[in-house]
Amino acid sequence: MSAEVDEVDDRINPGGSGNAGKTRDSDRPRERLVRLGARALSDTELLALILRTGNRSQDSEALARSVFKQFGGLAELTAAPLPSLRSVSGLGLAKAASVMAALELAQRIRHEPLERGRPIRGPADVQRHFQP
């Protein structure tokens, strides 16, 4: 593992991930993000990074899959109230609050008004700012 990945590992998950041996280090979401960038990760992998750890019976990726299985997708997850998030086995208050905070930040970015003088670089910029 490179020194850069080791440094990220220490900051994101001090003490290790608890799933060593189940998945090759290079296949874990954190290492894939460092190597390939966030856009290369699936929704499940990104959610696993937000969750940071799993629980005694499942790693963070399995827990993220459980969340998506219960809620269906990002839109449904974004609309879920805190008690519903906490109903997922393995999601306590801290993990549920982290998920809600990350989703709220995404919503705020999405609804950020177009600033005067900010360039529109493509169709995605137009869609993001003018879609209802």
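**Reading helix packing and pockets**

Arg39, Leu46, Ala124 and Arg128 line the second largest pocket of this predicted model.

User: I'd like to begin with that pocket. How does anyone find empty space in a protein, and how much space lies in the second largest pocket?

Analyst: The general idea is simple: rolling a probe the size of a water molecule over the atoms shows where empty space is left. Here, the second largest pocket holds about 260 Å³ of space. Its lining residues divide into two nonpolar, no polar and two charged.

User: And what volume does the largest pocket have?

Analyst: The largest pocket has a volume of about 320 Å³. It is lined by 13 residues, and Asp43, Leu74, Thr78, Leu103 and Ala106 are the closest to its centre.

User: Which helices each supply at least two residues of that lining?

Analyst: Look at α3, α5 (74-79) and α7 (93-110), since each of them supplies at least two. By class, the lining of the largest pocket has 10 nonpolar, two polar and one charged residues.

User: Let's turn to the helices themselves. How should I read a packed pair, and at what angle do α2 and α3 pack?

Analyst: Two packed helices are described by the angle between their axes and the distance between the axes. In this model, helix α2 (residues 29-36) meets helix α3 (residues 43-51) at an angle of about 115 degrees, and their axes are 9 Å apart. Angles of 65 to 115 degrees count as roughly perpendicular, so α2 is roughly perpendicular to α3.

User: Is the crossing of α2 and α3 left-handed or right-handed, and which residues make the contact?

Analyst: The crossing is left-handed. On the α2 side the contact is made by Pro29, Arg30, Arg32 and Leu33, and on the α3 side by Glu45, Ala48 and Leu49. These residues divide into four nonpolar, no polar and three charged.

User: How far apart are the axes of α3 and α4?

Analyst: For α3 and helix α4 (residues 60-71), the axes are 8 Å apart, with an angle of about 115 degrees. This pair has a right-handed crossing. From α3, the contact uses Asp43, Thr44, Glu45, Leu47, Ala48 and Leu51; from α4 come Ser60, Glu61, Leu63, Ala64, Arg65, Val67 and Phe68. Seven of the residues in this contact are nonpolar, two are polar and four are charged.

User: α7 came up with the largest pocket. At what angle does α3 pack with α7?

Analyst: The angle is about 125 degrees, and the axes of α3 and α7 lie 9 Å apart. That angle makes α3 oblique to α7. The crossing of these two helices is right-handed.

User: Which residues of α3 and α7 make that contact?

Analyst: Leu47, Ile50 and Leu51 of α3 meet Lys95, Ser98, Val99 and Ala102 of α7. Sorted by class, the contact of α3 with α7 has five nonpolar, one polar and one charged residues.

Notes:
Residues numbered from 1 in each chain as written. Predicted model: local features only at pLDDT ≥ 70, side-chain atom pairs only at ≥ 80, totals over all residues. Heavy atoms only, no water. Axes fitted to C-alpha atoms, helices over the stretch in contact; angles between N-to-C directions. Helix = DSSP H or I, 4+ residues; strand = E, 2+ residues; numbered from the N terminus. Parallel < 35°, antiparallel > 145°, perpendicular 65-115°, else oblique. Left-handed = near helix turned anticlockwise from the far one by under 90°. Contact = heavy atoms within 4.5 Å. Nonpolar A, V, L, I, M, F, W, Y, C, P; charged D, E, K, R; others polar. 1 Å grid on protein atoms, 1.4 Å probe; cavity = no way out; pocket = protein on both sides within 12 Å on 5 of 7 lines; lining within 4 Å. Points joined across faces, edges and corners; volume = space filled by probe spheres on them.
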